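Dear colleague,

Please find the structure below. My notes on its pockets and its sheet follow.

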Amino acid sequence: MSTRARVFDFAVTVDEAWDARSERGGDPFAADEEHWAPEHLVLAGLARCSLTSLRYHCERAAVGLTSRASARGTVTRREEDGRFAFVEIAVDADVAFDPKPDEATVADLLMKGERDCFVGASLTAQPSYQWRVA
């Protein structure tokens, strides 16, 4: 007997002014094409998802986490199909654990943070990660 995997559904709307709203409510993400391109939103989603995934695993291990991250990416034509897409993506994160686990546990937590970020797993270009641990 197979068990069904958990399912997570998300939805957003973009109105006539191009302001985006989550089905969860809250403030809209205002359209600001001068400063925010859709590609920025993908990178922000990846950075936040990576930290959220790491936080989840830290909570399971009873380890506190303080973190911040940045992400950058390059969009150009892919060689395999000639379509514009992210071809390189990198996440840089500064993290601190409390209490700080041993090195093997830190490595395991960071690996799980990368592996379980579904945004990164959904991208064709595999993100590279640089973790700086305080």
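Second pocket, main pocket and sheet

The second largest pocket in this predicted model has a volume of about 260 Å³. It is lined by 13 residues, and those closest to its centre are Trp-18, Ala-31, Trp-36, Pro-38 and Leu-41. Helix 1 supplies the largest share of this lining, with three residues. By class, the lining of the second largest pocket consists of eleven nonpolar and two charged residues, with no polar ones.

The largest pocket has a volume of about 1500 Å³. Its lining counts 29 residues, and Phe-10, Arg-24, Gly-45, Arg-48 and Phe-118 lie nearest the centre. Strand 2 (20–22), strand 3 (25–29), helix 1 (38–60) and helix 3 (118–122) each give two or more residues to this lining. Helix 1 again has the largest share, here eleven residues. The classes in the lining of the largest pocket are 15 nonpolar, five polar and nine charged residues.

Now the sheet. Three strands form an open sheet in the order 1-2-3, and their pairing is antiparallel. Strand 1 (12–14) and strand 3 are at the edges with a single partner strand each, so each has one side without a neighbour in the sheet. On average, neighbouring strands here are turned by 20° against each other, with direction ignored. Three bridges join strand 1 and strand 2 in the antiparallel sense. Within the sheet, Val-14 stands opposite Ala-20 of strand 2.

Regards

Methods. Residues are numbered from 1 along each chain as its sequence is written. This is a predicted model: local features need pLDDT of at least 70, side-chain atom pairs count only at pLDDT 80 or more; totals for chains, interfaces and linings use all residues. Side-chain values use heavy atoms; hydrogens and water are left out. On a 1 Å grid over the protein atoms alone, a cavity is a set of points where a 1.4 Å probe fits but cannot get out, and a pocket is an open set with protein on both sides within 12 Å along at least five of seven lines; lining residues have an atom within 4 Å of a point. Grid points are joined across faces, edges and corners, and a volume is the space filled by probe spheres set on the points. Helices (H or I, at least four residues) and strands (E, at least two) are DSSP runs, numbered from the N terminus. Ala, Val, Leu, Ile, Met, Phe, Trp, Tyr, Cys and Pro count as nonpolar, Asp, Glu, Lys and Arg as charged, and the others, Gly among them, as polar. Two strands pair if DSSP finds at least two bridges between them. Axes are lines fitted to C-alpha atoms, for helices over the stretch in contact, and angles run from 0 to 180 degrees between N-to-C directions.
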